[in-house]
Amino acid sequence: MNAEAMSQLMQAHRSIRQYEDRAIDPALIDRVLEEALHGSSSSGNLNMVSVVKTRDRERKHRLCELHFGQPMVDQAPLVLTFCADTFRTRQWLALREARAGFADFISWHVAGYDAIILAQTAALAFESHGLGICYMGTTLHSMGAIADFLELPPNCLPVTSLVVGWPAEQVAQRDRLPAAAWIHDERYQRPTTQELEARYGERERRGRERYLSLGPEMARLWQEHGITSLAQYYTSKIKYDPDRFAEDSAALRELLQARGFGA
Ligand SMILES: Cc1cc2nc3c(=O)[nH]c(=O)nc-3n(C[C@H](O)[C@H](O)[C@H](O)COP(=O)(O)O)c2cc1C
């Protein structure tokens with residue numbers, strides 16, 4: 001692939017939330033995943049990742065429930081759960097009578113980064129085949145329950161999931177913050193109020209429009225919760241509620257401890 005084709009692939013990215021009722025060739029799934037691992041850097045080349053494929057409708061339905069009922073988990077023919085996995089590596093170490101390791105908080109991050117890097121390489125690769133994807137951030141909030149459902153061993157936890165399938169919707173490209181907001185030259189540049197206004201203003205207008213265009217229910221909820229701006233929406237009870245995040249963060253800390261990543 002040349003630079004132009006790569007550029008076009010990235011420009012064509014959209015999260016897809018509606019899918020055709022059509023399976024993906026199993027050989028294509030495995031090929032993409034295998035190539036994606038080759039195409040991803042890996043800490044120490046230890047490949048401390050596992051990916052669980054879910055295609056069975058009933059099992060996908062249970063995953064859908066664990067992903068807070070997001071309908072694309074039911075609809076897409078494939079759900080991929082990307083796991084930070086030091087279990088297999090630790091088994092190998094034991095087999096070779098090496099010192100035990102990788103059962104600590106740093107290893108959780110190391111394996112988690114590998115899993116996320118792999119997920120994004122796979123996402124681009126699936127998109128290059130005309131497939132659509134959507135990340136499932138709910139993986140972080142249901143981590144323990146998903147781990148149990150997929151029968152993950154200790155030292156192995158899901159960090160993200162992708163639904164994958166043939167797109168059944170045309171989606172407009174979503175904007176991103178302008179380069180000046182996040183690319184820094186040599187030193188971090190804290191934005192002034194005027195710069196914040198300039199960089200977020202248009203985004204707020206369009207984001208607000210987009211959410212309110214989702215239907216009268218959303219407009220009603222904004223009113224009920226006293227939300228008057230996009231910023232207020234993000235940390236309201238109906239989006240990324242800081243109280244729920246605090247509760248789920250506490251549960252996550254306990255889970256990491258219980259599953260061997262707490263030390
Ligand atoms: C880690 C992560 C988690 C996400 N979780 C969800 C999710 O649970 N549900 C959803 O509809 N979209 C989810 N998304 C998709 C984002 O909403 C989407 O990437 C963003 O709005 C930008 O749109 P685009 O991907 O179409 O450019 C997630 C994206 C990322 C990177």
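The following is a conversation between a colleague and a modeller about a predicted model and the terms used to describe it.

Colleague: Since this model is predicted, I would like to start with the strands, and ask why strand E2 is described as largely enclosed.

Modeller: Strand E2 covers residues 78-85, and 8 of its 8 residues are buried, so the strand is largely enclosed by the rest of the structure. The burial holds on both faces, with Leu78, Leu80, Phe82 and Ala84 on one side and Val79, Thr81, Cys83 and Asp85 on the other.

Colleague: What makes E1 and E2 a pair of strands?

Modeller: Strands count as paired when at least two bridges are found between them, and E1, residues 49-54, is joined to E2 by 6 bridges in the antiparallel sense, so the pairing meets the criterion. One of the positions involved is Val49, whose bridge partner in E2 is Ala84.

Colleague: How do you know that E2 also pairs with E4?

Modeller: The reasoning is the one used for E1, because at least two bridges are required and 8 bridges join E2 to E4, residues 156-165, with the two strands running antiparallel. Within this pairing, Asp85 stands opposite Cys156 in E4.

Colleague: Turning to the loops, why is Ile16 called buried?

Modeller: Ile16 has a relative accessible area of 7%, and buried means under 20%, so the term applies to Ile16. The residue lies in the loop between helix H1 (3-11) and helix H2 (26-38), and, leaving aside its neighbours within four places in sequence, Ile16 is in contact with Gly132, Ile133, Cys134, Pro167, Glu169 and Val171.

Colleague: Why is Ser42 called buried, and what does its side chain contact?

Modeller: The relative accessible area of Ser42 is 18%, which falls under the 20% limit, so Ser42 is classed as buried. Ser42 lies in the loop between H2 and E1, where its side chain makes a polar contact of 3.0 Å with the side chain of Asn47; beyond four places in sequence, Ser42 is in contact with Asn47 and Asp114.

Colleague: What makes Asp241 a buried residue?

Modeller: Asp241 has a relative accessible area of 10%, and because buried means under 20%, Asp241 qualifies. Asp241 is found in the loop between H12 and helix H13 (242-258), and its side chain reaches the backbone nitrogen of Asp243 at 3.1 Å. Leaving aside neighbours within four places in sequence, Asp241 is in contact with Thr235 and Ser236.

Colleague: Why does Glu97 count as exposed?

Modeller: Exposed means over 50% relative accessible area, and Glu97 stands at 75%, so the term is justified. Glu97 lies in the loop between helix H5 (87-95) and helix H6 (105-128), and its phi is near 55°, a positive value in a residue other than glycine.

Colleague: What makes a positive phi worth pointing out?

Modeller: Most residues other than glycine have a negative phi. Glu186 also has a positive phi, of about 70°, although it is not a glycine. Glu186 lies in the loop between H9 and H10, and its relative accessible area of 75% is over the 50% limit, so Glu186 is called exposed.

Colleague: How do you know that the span of helix H10 is close to what is expected?

Modeller: Helix H10, residues 193-212, has 20 residues and reaches 26 Å from its first C-alpha to its last, which is close to the 28 Å expected at 1.5 Å a residue. H10 also bends by about 40° at Tyr200. Arg199, Gly207 and Tyr211 are buried in H10, and the buried residues of this helix pack against helix H9 (179-182), helix H11 (216-224) and helix H12 (230-234).

Colleague: Finally, which residues come nearest to the ligand, and what makes the approach of Ser15 a polar contact?

Modeller: Of the 13 residues around the ligand, His13, Ser15, Arg17, Gln70 and Gly137 come nearest. A polar contact is a pair of N or O atoms within 3.5 Å, and an oxygen atom of the ligand is 2.6 Å from an N or O atom in the side chain of Ser15, so the criterion is met. The corresponding distance from a ligand oxygen atom is 2.7 Å for the side chain of Arg17 and 3.2 Å for the side chain of Arg174.

How values were computed
Residues numbered from 1 in each chain as written. Predicted model: local features only at pLDDT ≥ 70, side-chain atom pairs only at ≥ 80, totals over all residues. Heavy atoms only, no water. Buried < 20%, exposed > 50% of the residue type's maximum accessible area, 1.4 Å probe, protein only. Helix = DSSP H or I, 4+ residues; strand = E, 2+ residues; numbered from the N terminus. Expected span 1.5 Å × (residues − 1). Bend = angle between axes of the 7 residues up to and from the residue. Contact = heavy atoms within 4.5 Å. Near = heavy atom within 4 Å. Polar contact = N/O pair within 3.5 Å; in protein donor to acceptor, adjacent residues only side chain to side chain.
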